[in-house]
Amino acid sequence: MNHWSWWLSGLGLASVMVVHWLATGRLMAVSGRITALVNRVRFGASETPEMTEQELLEAVRMATTVEFGELEAATDSHNPPGLGPEKSEAPDSPADDAHQELNPALPQMGPRTTSHHVFFMVAVAVGGLLAASLGGRTTFTWSLASNGFRDFAGNLSPVILVIGGALVGFGTRMAGGCTSGHGLCGVSRFQPGSLLATAVFFSVGVGVSLLLGPS
Amino acid sequence: MYPLFKLAGILRTWQIRYCTSDYHACERYRRVLAGRPVPPEMMPNGTLLKQPGNKLRVVK
């Protein structure tokens, strides 16, 4: 069985994360997409107000003022961006930032829709199939490649895989994310919870792999 | 929600109040824990962003 080089896989995964962020302005998380889709089925799509960037900015300023009190710049919505009062003494204060325009270099995307989620899921499946094809591993099977697993599961392999998939779903929700959310997004941002979660993911994965034996 | 906050100062203010300080008070966090959907336009205090001119609606 052929596998991609470790360095090529790493570069590919990192590229996917960066491209996803550049294209959508959001961090990539697969399980979050599934959760959002399930919630849309359970509760229906939420009504998201149609707002321009400037209207959105105004709404955020208003909400911030309501929550944290009157801010000089937050209520001064009539000044064009960049033409407001002189900078305040506190350079990092909300009032100071409220005069900055939305960063045009960052993508401005509205909330995701159901079609976005479905497209993403299909793209994940197609991408996985494509990657397997490039590696010469397009054989479909109802079991794992591991001889140890085949010996252990026998004819019950599909059932055990379905149960395992369900358990992965429970674990993902309990951990607040999956290997892409914690392992790629969280670790790259040095989030302590993600570092711990990824350490657990991979240590258990290595242990189970050793237990099941070579493929 | 994250793209709404290109303004770093405002983001930091909300983060200090609701992410690093009293995250149990975050309505978004509470909804996630309860398995309820989180509207993208919901602020951490439960306020839903509305178009200018409309009053902010608070859902708690």
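**Exercise 1.** How are α2(A) and α5(A) oriented relative to each other: roughly parallel, roughly antiparallel, roughly perpendicular or oblique?

*Solution.* The model is predicted. Start with the two elements: helix α2 of chain A covers residues 30-43, and helix α5 of chain A covers residues 114-134. Their axes lie 10 Å apart, and the packing angle is about 135°. Next, apply the cut-offs: over 145 degrees counts as roughly antiparallel, and 65 to 115 degrees as roughly perpendicular. An angle of about 135° falls in neither range. α2(A) and α5(A) are therefore oblique to each other. As for handedness, the crossing of α2(A) and α5(A) is left-handed.

**Exercise 2.** State which residues of α2(A) and α5(A) meet, and sort the contact by class.

*Solution.* On the side of α2(A), the residues are A:V30, A:R33, A:I34, A:A36, A:L37 and A:R40. On the side of α5(A), they are A:T114, A:H116, A:H117, A:V118, A:F120 and A:M121. Sorted by class, the contact between α2(A) and α5(A) has 7 nonpolar, 3 polar and 2 charged residues.

**Exercise 3.** Find the number of aromatic pairs in the whole structure, then describe the pair of B:W14 and B:Y18.

*Solution.* Over all chains, the search gives 3 aromatic pairs. In one of them, B:W14 and B:Y18 have ring centres 5.8 Å apart and planes at 20°. Planes under 30 degrees apart count as stacked, and B:W14 with B:Y18 is a stacked pair. Now place the two residues: both belong to helix α1 of chain B (residues 8-19), where they are 4 residues apart, about one turn of the helix. Then check accessibility: B:W14 has a relative accessible area of 2% and is buried. B:Y18 is also buried, at 4%. Finally, ring pairs join B:W14 and B:Y18 with A:F68 in a cluster.

**Exercise 4.** Classify the geometry of the B:Y23 and B:Y29 pair, and give the accessibility of each residue.

*Solution.* The ring centres of B:Y23 and B:Y29 are 5.4 Å apart. Their planes stand at 90°, so the pair is edge-to-face. B:Y23 is partly exposed, with a relative accessible area of 37%. B:Y29 has 31% and is partly exposed as well.

**Exercise 5.** Set out the secondary structure, burial and contact range of chain A and of chain B.

*Solution.* Take chain A: there are 9 helices and 0 strands, in the order α-α-α-α-α-α-α-α-α from the N terminus. Of its 215 residues, 25% are buried. Among contacts in chain A with a separation of 6 or more, 56% join residues 24 or more positions apart.

Then take chain B: it has 2 helices and 2 strands, and the pattern along the sequence is α-α-β-β. Buried residues account for 48% of its 60 residues. Of the contacts in chain B with a separation of 6 or more, 24% are between residues 24 or more positions apart.

**Exercise 6.** Where does A:F190 lie, what is its phi, and is A:F190 buried or exposed?

*Solution.* A:F190 sits in the loop between α8 (179-188) and α9 (192-212) of chain A. Its phi is near 55°, a positive value in a residue other than glycine. The cut-off for exposed is over 50% relative accessible area. A:F190 has 66% relative accessibility and therefore counts as exposed.

Technical notes
Residues numbered from 1 in each chain as written. Chains lettered and ligands numbered in written order. Predicted model: local features only at pLDDT ≥ 70, side-chain atom pairs only at ≥ 80, totals over all residues. Heavy atoms only, no water. Axes fitted to C-alpha atoms, helices over the stretch in contact; angles between N-to-C directions. Parallel < 35°, antiparallel > 145°, perpendicular 65-115°, else oblique. Left-handed = near helix turned anticlockwise from the far one by under 90°. Contact = heavy atoms within 4.5 Å. Nonpolar A, V, L, I, M, F, W, Y, C, P; charged D, E, K, R; others polar. Phe/Tyr/Trp six-rings, centres within 6.5 Å; stacked < 30°, edge-to-face > 60°. Buried < 20%, exposed > 50% of the residue type's maximum accessible area, 1.4 Å probe, protein only.
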